[in-house]
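Subject: A structure for you to look at

Hello,

Here is the structure I promised to pass on to you. Have a look at it first, and then read my notes below.

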Amino acid sequence: MKKYSWNKLACMALFFSSTVFAGEDYQLPIAGGYTFSVISPNIVLAVGKEQKCTITNLKSTPGADPRLPLRLSNDEEYIILSEHDYISKNALKDCINQVKASSINSLLFDINKNKGLILSADIFSTSPDGYLADLYDTKLKKSIFQAKGFFNKRVSVEKQLANVFTLTSNGIISKDGRYISVNGDPDCTGDSYPGVYDIKIGKQINSSVMGELDSDALDLACKKLFK
């Protein structure tokens with residue numbers, strides 16, 4: 001990549017923010033209070049109180065898919081920059097001038113550092129769009145979870161088509177790496193699909209598993225699994 005001075009980078013950020021990328025500045029509650037500005041489709045400028053870092057090599061522009069906004073991973077160890085790209089919080093803190101983003105080909109939902117898990121999804125059907133999720137173990141280098149709503153190469157295409165879901169927001173992994181909510185906002189009522197799963201036992205978490213709770217208590221208990 002051609003090198004620019006910080007003054008030139010600032011001018012470029014101002015130019016793009018006032019034209020093609022207007023309004024595409026993001027703030028995240030991480031140490032240093034960084035602001036992320038889109039400089040070009042594959043470059044982001046992160047500015048903290050005493051630091052500037054140019055993040056390059058993005059596969060997708062932040063904000064290109066409003067369902068998958070720039071955000072922190074649920075364990076707060078990664079900055080998920082776009083639908084495909086991410087960077088660890090430590091890599092950003094240690095950045096002197098420039099750092100490359102890491103990427104996956106699927107739509108990136110969430111990452112859990114302690115367990116080495118990546119939750120993602122891919123489009124599987126169109127008209128209307130239907131998606132299937134994937135839970136990938138970076139240590140074992142393979143997918144480790146199969147259930148309704150998840151891709152399984154051993155299942156026929158016809159059966160998988162019956163299991164697709166509508167993508168409305170990013171899914172999340174619990175901080176302890178045990179639970180996944182493909183729908184983003186954890187919902188254990190049974191009305192949500194694919195819903196919330198316990199990775200350890202391979203079963204869906206619903207009202208029968210959580211016990212006899214009223215709707216408000218069930219909602220609170222479900223969300224508590226991810227805190």
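**What I found**

Four strands make up an open sheet in the order β10-β11-β12-β13, and their pairing is antiparallel. The edges are taken by β10 (107–112) and β13 (142–143); each has a single partner strand, so one side of each is left without a neighbour in the sheet. For β10, 5 bridges join this strand to β11 (residues 117–125), and the two run antiparallel. If you want a spot to click on, try L107, whose bridge partner in β11 is A121.

Before you go further, please keep in mind that this is a predicted model. The average pLDDT of the protein chain is 86, and 87% of the residues score at least 70. Residues 1–23 are where to be careful, with a pLDDT below 50. Beyond near neighbours in sequence, this stretch has 25 contacts in the model. As a rule, predicted coordinates should not be read in detail where pLDDT is low.

Now move to strand β3, which covers residues 43–47. How many of its residues are buried? The count is 4 of 5, so to speak of β3 as mostly covered is fair.

Strand β3 also has partners to look at:

- With β2 (residues 35–40), β3 is joined by 5 bridges, and the two strands run antiparallel. Here T35 stands opposite V47 of β3. The two strands form a hairpin, with 2 residues between them.
- With β4 (residues 52–56), β3 is joined by 4 bridges, again in an antiparallel arrangement. L45 stands opposite T54 of β4. β3 and β4 form a hairpin too, this one with 4 residues between the strands.

Last, I looked for enclosed space. What does a search of the whole structure find? There is 1 cavity of 30 Å³ or more, and the largest cavity holds about 40 Å³ of space. Its lining consists of F165, T166, L167, T168, S169, V182, N183, Y193 and P194. Sorted by class, the lining of the largest cavity has 5 nonpolar and 4 polar residues, with no charged ones.

A good way to begin is to find L107 and A121 on β10 and β11, then go on to T35 and V47 on β2 and β3, and finish at the cavity lining, with F165 among its residues.

Happy exploring, and do write back with any questions!

Best wishes

Terms used. Residues are numbered from 1 along each chain as its sequence is written. This is a predicted model: local features need pLDDT of at least 70, side-chain atom pairs count only at pLDDT 80 or more; totals for chains, interfaces and linings use all residues. Side-chain values use heavy atoms; hydrogens and water are left out. Buried means under 20% relative accessible area, exposed over 50%, partly exposed in between (1.4 Å probe, protein chains only). Two strands pair if DSSP finds at least two bridges between them. pLDDT is the predictor's confidence in each residue, from 0 to 100. Contact means heavy atoms within 4.5 Å. On a 1 Å grid over the protein atoms alone, a cavity is a set of points where a 1.4 Å probe fits but cannot get out, and a pocket is an open set with protein on both sides within 12 Å along at least five of seven lines; lining residues have an atom within 4 Å of a point. Grid points are joined across faces, edges and corners, and a volume is the space filled by probe spheres set on the points. Ala, Val, Leu, Ile, Met, Phe, Trp, Tyr, Cys and Pro count as nonpolar, Asp, Glu, Lys and Arg as charged, and the others, Gly among them, as polar.
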